[in-house]
Every structure is written in structure tokens, then in C-alpha cells.
Amino acid sequence: WFLASALALFSPPLWGARYHVDSSAGDDARTGLSPDQAWRSLQKVSGTTFQPGDEILLKRGGRWQGTLHPQGSGTLEKPIRLGAYGDGPRAFIDGGSGPAILIHNQDAWIIEGLEVTNHKDSGQDALKVWAAPRRPHYRFIRIRDCVAHDAGGSGIHVGDGTIGWSEH
């Protein structure tokens, strides 16, 4: 019992802070650290640098316009997770003339359970994860259970900006 308690005290937690975003009842002046303190806008999330193990959770049924481009990188042991919370349909982001979600030169992200799109004439991918040419390859990017549709480019694109894997 003592050893287990000591390990629990000195082991780093798997997850860091958990941020909530609610497109209808949120407020960017709040902390974002619980559903009743949820942020509202993609701009607030995109202007925040997240730490390894943090979670960004969009409220299911919520709808946002614009590009979500959160800052920061996770680690193999503590990736940053972008997902959803609550009940209802997937959280939905319409990127308009840009990507709905953009991860650029960042490592260790899990993106899951979201729905993304943008304008068909945008020429942009709906969910885009890319690195500048000649940058070392990514360390851990996982995209699962996401729906991308009606995009101007690929639905989901992971690559170096010019060559990569795409899925429509």
C-alpha cells in the first residue's frame, strides 16, 4: 500500500488541464477548465499555447466558423488531445476559406470525434496537419473517428505541405 501511494504521489499525471469550449453558452473571459466555465470561440483556443497532456474538448452539438489552430506540442507520453464532450452530434467546424483544423510544425496530437468542412472553392484541406519541408518528421499524430466532407482540398491531409497522405 505504501509503495503504491508513493508512486501515485510522484508519478506525473497522464493528462494536464482539460479545456472546454461551448459555441452557445461559453464565454472567453472564463477559465475554460470545466463545462460551466467553458470558452466560446475558436480564436480563444487558437490564441492559447497548450502543454503536453492538455485536452481541448468542444461541446457536442456545437458549431463554429473559422480555423482552429491551437498552439503547442505534446510528447509521446503526453500527447495533446482535441476532442469532444457531452451528448449529441459531433462538434462541427466550418473552416470557410481555410482549414477547419490546422496543426503546423507541432508534435504529439490526438484529434478525434469531430466533424469538419470548408468551402469547396477554398482549395484548402478541411483537417490539415503538416510540417515545413525538411523539418524532421512528426512524432505521433493520431486522427480517429473524424468526419471530413465537402472540402476544397482533401478532407484530411497529413504531410509536409507538398507530399503526404490524404483521405477524402
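A residue is taken as buried when its relative accessible area is under 20%. At 16% relative accessibility, Tyr19 therefore counts as buried, and the same cut-off places Phe50, at 2%, among the buried residues. These values, like all those that follow, were computed from a predicted model.

It helps to begin with the chain as a whole. The protein chain has 168 residues, of which 45% count as buried. Its secondary structure comes to 2 helices and 13 strands. Among contacts between residues at least 6 apart in sequence, 67% join residues at least 24 apart. The chain exposes about 8,700 Å², and carbon and sulfur atoms supply 55% of that area.

Tyr19 is a good place to look at such links in detail. The aromatic pairs in the model number 2. In one of them, Tyr19 and Trp39 are stacked, with 5.0 Å from centre to centre and 25° between the planes. Tyr19 belongs to strand E1 (residues 18-21), while Trp39 sits in the loop between E1 and helix H2 (42-46), so this pair ties together parts that lie 20 residues apart in sequence. Both Tyr19 and Trp39 are buried. Tyr19 also pairs with Phe50, here in an edge-to-face arrangement with 5.3 Å between centres and 75° between planes. Phe50 is found in the loop between H2 and strand E2 (55-59), and the pair thus spans 31 residues of the chain. Taken together, Tyr19, Trp39 and Phe50 form one aromatic cluster.

Attention now turns to the strands. An open sheet is built from 4 strands in the order E3-E5-E8-E11, with parallel pairing. Strand E3 (63-65) and strand E11 (147-148) are its edges, each pairing on one side only. E3 is joined to strand E5 (residues 91-94) by 3 bridges in the parallel sense. Within this pairing, Trp64 has Ile93 of E5 as its bridge partner, and Gln65 has Asp94. E5 also runs parallel to strand E8 (residues 114-117), to which 4 bridges join it; among the partners here, Phe92 is matched with Glu115 in E8.

E5 is covered on both faces: Ala91 and Ile93 are buried on one side, and Phe92 and Asp94 are buried on the other. This arrangement can be read against a simple background rule. In a regular strand, side chains alternate between the two faces of the sheet. Phe92 has a charged companion as well, since Arg63 lies over the face of its ring at 4.0 Å from the ring centre.

What surrounds Ile93, leaving aside residues up to four places away in sequence? Ile93 touches Leu42, Leu58, Trp64, Gly66, Leu68, Ala100, Ile101, Glu115, Val116 and Thr117. Ile93 also stands out in the largest nonpolar core, a group of 29 residues in which Ile93, Ile101, Ile111 and Leu114 touch the most other members. Strand E4 (residues 80-85) gives the most to this core, with 3 residues. Such a grouping has a familiar background. In soluble globular proteins, nonpolar side chains tend to be buried together.

Strand E4 deserves a closer look of its own. Of its 6 residues, 6 are buried, so E4 is largely enclosed by the rest of the structure. Ile80, Leu82 and Ala84 point one way from the strand, whereas Arg81, Gly83 and Tyr85 point the other way, and all of these are buried. E4 runs parallel to E2, with 5 bridges between them, and Lys59 stands opposite Tyr85 of E4. E4 also runs parallel to strand E7 (residues 109-112), this time with 3 bridges. In that pairing, Leu82 stands opposite Ile111 of E7. Ile111 has already appeared as one of the core residues that touch the most other members.

How values were computed: Residues are numbered from 1 along each chain as its sequence is written. This is a predicted model: local features need pLDDT of at least 70, side-chain atom pairs count only at pLDDT 80 or more; totals for chains, interfaces and linings use all residues. Side-chain values use heavy atoms; hydrogens and water are left out. Two strands pair if DSSP finds at least two bridges between them. Buried means under 20% relative accessible area, exposed over 50%, partly exposed in between (1.4 Å probe, protein chains only). A nonpolar core is a set of buried Ala, Val, Leu, Ile, Met, Phe, Trp, Tyr and Cys residues joined through side-chain atoms within 4.5 Å. Contact means heavy atoms within 4.5 Å. Rings of Phe, Tyr and Trp (its six-membered ring) pair if their centres lie within 6.5 Å; planes under 30 degrees apart count as stacked, over 60 as edge-to-face and the rest as tilted. A charge sits over a ring if NZ of Lys or CZ of Arg is within 6 Å of the ring centre and within 35 degrees of the ring normal. Accessible areas come from the Shrake-Rupley method with a 1.4 Å probe; for residues, only the protein chains shown count as cover.
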